[in-house]
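Here is a friendly walk through one protein model, from its open spaces to its charged pairs. Take a look at it first, then read on.

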Amino acid sequence: MRESRVQKRKKNSSAVQVIVLFLLAVLLLVLAVPLLLEYSPAEILRRISSEETGHTWSEGLTEFTAQADLESAVQARREALPGKLSYVRKEYAIPEGAGAGYVPDERCYGETDDPAEIRKLLNSAYAKQLIGDQETVWSEELPLVEGATLKYYLDESILVLVWNEPVGNCWGTFSEVFVSDASQLRRKIVQDCFDCNQYDYPSELAKEVNAVCASSADLYDHWSRVTGVCVYEGKLERFVPSCDVCFVTEEGDFILKKANSFTDEKAAEAFIAENNISFSLCFGPVLISEGEDVCPGFYSFGEIGDNYPRLAIAQMGTLHYLTVAVNANSAYSEYSKWGCTLRELTDVMLDHDCPNAYTLDGGQTGVIILDGQVVNPMQYNSEQIVSDIIYFATAIPEK
């Protein structure tokens with residue numbers, strides 16, 4: 001039976017509709033692929049969460065983790081695109097020669113008294129990416145100081161957790177950090193001038209360099225303690241090898257050396273060049289080396305046998321660090337309760353599975369800073385001016 005003209009027109013119309021729909025689909029794909037390849041998930045989220053819609057990129061932990069989950073969905077969608085297109089996570093770093101880190105996003109700071117919220121934070125896409133296959137020191141099973149809050153910062157390039165544990169009669173303040181690039185672990189000397197006898201408060205130095213978190217360091221420029229194989233910005237600035245040294249490489253790794261490890265400046269300079277040393281910390285002593293307890297019974301400074309406010313730093317793994325301050329829980333406690341001995345500090349680091357640990361300058365000098373504020377109890381409830389800090393910065397450029 002021959003088809004009628006009406007039937008032919010219907011068939012032709014249907015064919016045209018199919019072709020039009022196919023062309024529209026191809027057009028949408030062509031428009032969408034450059035967008036997906038050009039912007040990171042975080043940027044897509046920011047564009048979606050515009051001011052006109054009345055939504056912000058992060059308002060509290062719930063929204064933050066929801067957006068991180070959305071980022072995972074965006075990445076999964078990219079991986080499912082035809083033509084074997086896949087999303088490669090954007091690599092962030094602070095440019096070489098930069099005098100400071102990028103400005104942190106204030107919305108990424110948080111505080112809670114509920115450990116379950118920290119667990120939720122750690123399950124977000126950003127945190128998982130930064131932690132990788134490592135384990136956090138922090139856990140919900142830790143014995144926390146009653147009434148103390150948990151503080152944090154999280155963006156795509158850095159995770160910081162700060163909490164307090166009881167250490168004898170004192171407080172132990174712990175700052176755990178994961179970064180995405182070694183350029184985010186940095187040292188700041190006042191006015192960037194070595195041996196210039198310039199000093200400032202640690203919190204002010206932290207603000208100056210846009211630190212997410214920071215700590216006082218070795219107070220290298222102290223009139224009574226001219227010591228160390230001091231390296232700053234890759235250059236040997238002082239060679240007095242009478243103290244233990246923590247060298248930090250351009251890859252963000254710690255190399256711990258005991259006092260008098262170098263016979264002369266030439267040997268030290270060769271070591272610095274061969275190991276890509278970025279800077280060094282010159283206080284000590286080394287407490288733990290490659291998992292071995294090496295806390296000495298004697299050291300030339302630091303009153304190691306006295307109860308004293310203490311500060312130490314450890315590298316826990318790749319781009320993973322832990323800073324610990326032990327202080328009295330009252331600014332004006334009697335001397336016997338000011339802090340702990342160096343032996344007790346070593347035990348604290350061992351209890352937290354530190355594979356290595358190095359002593360920084362303690363006493364009133366020793367502080368940990370988050371968002372420009374000291375977060376540990378301070379001796380005499382007051383900061384001491386210092387010559388230097390070490391700090392961690394975000395690698396996310398300001399928008």
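## Ground rules

For sorting residues by class, Ala, Val, Leu, Ile, Met, Phe, Trp, Tyr, Cys and Pro count as nonpolar, Asp, Glu, Lys and Arg as charged, and the others, Gly among them, as polar. This is a predicted model, where local features need pLDDT of at least 70 and side-chain atom pairs count only at pLDDT 80 or more, while totals for chains, interfaces and linings use all residues. Residues are numbered from 1 along each chain as its sequence is written, and side-chain values use heavy atoms, with hydrogens and water left out.

## Pockets

A pocket is an open set of points on a 1 Å grid over the protein atoms alone, with protein on both sides within 12 Å along at least five of seven lines; lining residues have an atom within 4 Å of a point. Points are joined across faces, edges and corners, and a volume is the space filled by probe spheres set on them. The largest pocket comes to about 620 Å³. It has 24 lining residues, and Gly97, Ala98, Arg186, Glu233 and Ser278 are the closest to its centre. Strands S5 (185-189), S9 (245-249) and S11 (277-281) each give two or more residues to this lining, and S5 has the largest share, with 4. (Strands are DSSP runs of E, at least two residues; helices are runs of H or I, at least four; both are numbered from the N terminus.) By class, the lining holds 10 nonpolar, 7 polar and 7 charged residues.

The second largest pocket has about 410 Å³ of space. Its lining has 28 residues, with Leu219, Arg225, Asp361, Gly362 and Thr365 nearest the centre. The split here is 13 nonpolar, 10 polar and 5 charged.

## Cavities

A cavity is a set of grid points where a 1.4 Å probe fits but cannot get out. There are 4 cavities of 30 Å³ or more, and the largest has a volume of about 50 Å³. Its lining includes Ser175, Cys213, Thr323 and Phe392. Strand S6 gives the most to that lining, with 3 residues. Overall, the lining has 7 nonpolar residues, 3 polar and no charged.

## The nonpolar core

Buried means under 20% relative accessible area, exposed over 50%, and partly exposed in between (1.4 Å probe, protein chains only). A nonpolar core joins buried Ala, Val, Leu, Ile, Met, Phe, Trp, Tyr and Cys residues through side-chain atoms within 4.5 Å. The largest one has 89 residues, of which Leu159, Val160, Leu161, Trp163 and Tyr358 touch the most other members. Strand S3 (158-167) gives the most to this core, with 7 residues. Apart from it lies another core of 18 residues, including Leu219 and Tyr391.

## Charged pairs

Side chains of opposite charge can pair when their charged atoms come close. The structure holds 12 salt bridges, each with a side-chain nitrogen of Lys or Arg within 4 Å of a carboxyl oxygen of Asp or Glu. One of them joins Arg187 and Asp388, with the closest N and O atoms 3.1 Å apart. Arg187 sits in strand S5 and Asp388 in strand S19, so this pair ties together parts that are 201 residues apart in sequence. How accessible is Arg187, buried or exposed? Arg187 is buried, at 9% relative accessibility, and Asp388 is buried too, at 0%. Both belong to a salt-bridge network with Asp218.

Lys188 is buried at 4%. Its side chain meets that of Asp192 (3.1 Å, N to O) and that of Glu208 (3.3 Å, N to O). Asp192 is partly exposed at 42%, and Glu208 is partly exposed at 45%.
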